[in-house]
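Q: Please take a close look at the salt bridges of this model, and at the parts of the chain that surround them. I would like one connected account that gives the cut-off behind each term.

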Amino acid sequence: FASIIPGVVAIYVCAISSHVIVAATGSSLNDLIAKYIQAPLLGLSQGMFSVVLLSFLVQLFWFFGLHGHNVLGPVLDGIYLPALFENTAAYEASRSVEHLPYIWTRGSFDAYAQMGGSGVTIALIIAIFIFSKRKEYRTVAQLSAPMGVFNINEPVTFGIPMVLNPLFAIPWLIVPPICCAIAYLATVSGLIPPVYQQIPWITPPGLY
């Protein structure tokens, strides 16, 4: 009951505002947002600095126990998902990767900087199996590996733990941005094409 009044007010304010905007401009609120906010941000999002910075911020939020992808979801999905859709449309129209409009899309982060989950933890699991002699690390790795293959890494993130762990802070924060930088340069140079297909995030690394 406490939510009824603010809920009704919010619905009416949004509905009236949307109606006024359509009546005054002839365009919907979504169209205006796409034209005046989303389009300029899409242009800014394609720089290497923006890509690396966002990857770093995802890791930084995770380091403090906050789900980085959820926190930055409005940016990642609001800006880079339309870029992915436009690349998909361009590929379907031409059946060629030569003239895709965007270098970096939402799928690029998942394909190149989230292998095994945030922090590229599939590499950590492999490294533990090969090099670590600590029983607790090997136990976490054994329990986490089946899920890590499908990019689910909460068992590693909270089992090692990676959260608030100064020992792992530097690799945790810098490995995904480094992966983004390498993939970005490879894409710009034409070594690999821009990502143009929407793939389920649980697709194993390599196949993704």
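A: The structure holds three salt bridges, a salt bridge being a side-chain nitrogen of Lys or Arg within 4 Å of a carboxyl oxygen of Asp or Glu. The model is a predicted one, in which local features need pLDDT of at least 70 and side-chain atom pairs count only at pLDDT 80 or more, while totals for chains, interfaces and linings use all residues. Residues are numbered from 1 along each chain as its sequence is written, and side-chain values use heavy atoms, with hydrogens and water left out.

One of the salt bridges links Asp77 with Arg106, whose closest N and O atoms are 2.9 Å apart. Because Asp77 lies in helix 5 and Arg106 in helix 6, this pair ties together parts that are 29 residues apart in sequence; helices here are DSSP runs (H or I, at least four residues), as are strands (E, at least two), and they are numbered from the N terminus. Asp77 is partly exposed, with a relative accessible area of 37%, whereas Arg106 counts as buried at 12%; buried means under 20% relative accessible area, exposed over 50%, and partly exposed in between, with a 1.4 Å probe and protein chains only.

Arg106 also meets Asp110 through their side chains in a salt bridge of 3.4 Å, N to O. Arg106 and Asp110 both lie in helix 6, four residues apart, which is about one turn of the helix, and Asp110 is buried, with a relative accessible area of 15%.

The side chains of Glu136 and Arg134 meet in a salt bridge as well, at 2.6 Å from N to O. Glu136 is partly exposed at a relative accessible area of 40%, and Arg134 is likewise partly exposed at 42%. Salt bridges that share partners join Asp77, Arg106 and Asp110 into one network.

Arg134 has a further partner, since its charged end sits over the ring of Tyr137, 4.3 Å from the ring centre; a charge sits over a ring if NZ of Lys or CZ of Arg is within 6 Å of the ring centre and within 35 degrees of the ring normal. Tyr137 is also in contact with Ser132, which, leaving aside its neighbours within four places in sequence, touches Ala127, Tyr137 and Arg138, contact meaning heavy atoms within 4.5 Å. Ser132 has its place in the loop between helix 7 and helix 8 and is buried, with a relative accessible area of 16%.

Back at the network, Arg106 is among the residues in contact with Leu76, which, apart from its neighbours within four places in sequence, meets Leu54, Val58, His69, Leu81, Arg106 and Phe109. Leu76 in turn belongs to the largest nonpolar core, which has 29 residues and in which Val51, Leu76, Tyr80, Trp104, Phe109, Ile160 and Met162 have the most contacts; such a core is a set of buried Ala, Val, Leu, Ile, Met, Phe, Trp, Tyr and Cys residues joined through side-chain atoms within 4.5 Å. Two or more residues of this core come from each of helix 3 (48-63), helix 5 (73-94), helix 6 (106-113), helix 7 (121-131), helix 8 (135-148) and helix 10 (169-188), with helix 10 giving the largest share, six residues.

Aromatic rings accompany this region. A pair of aromatic rings is described by the distance of the centres and the angle of the planes. Rings of Phe, Tyr and Trp (its six-membered ring) pair if their centres lie within 6.5 Å, and planes under 30 degrees apart count as stacked, over 60 as edge-to-face and the rest as tilted. The count comes to eight aromatic pairs, among them the edge-to-face pair of Trp104 and Phe109, at 5.6 Å centre to centre and with 85 degrees between the planes. Trp104 and Phe109 are both buried, and they form one aromatic cluster with Tyr80, Tyr112 and Tyr184.

As for the setting, the secondary structure of the chain comes to ten helices and zero strands, and 38% of its 208 residues count as buried. Residues 24 or more positions apart account for 67% of the contacts in the chain with a separation of 6 or more.
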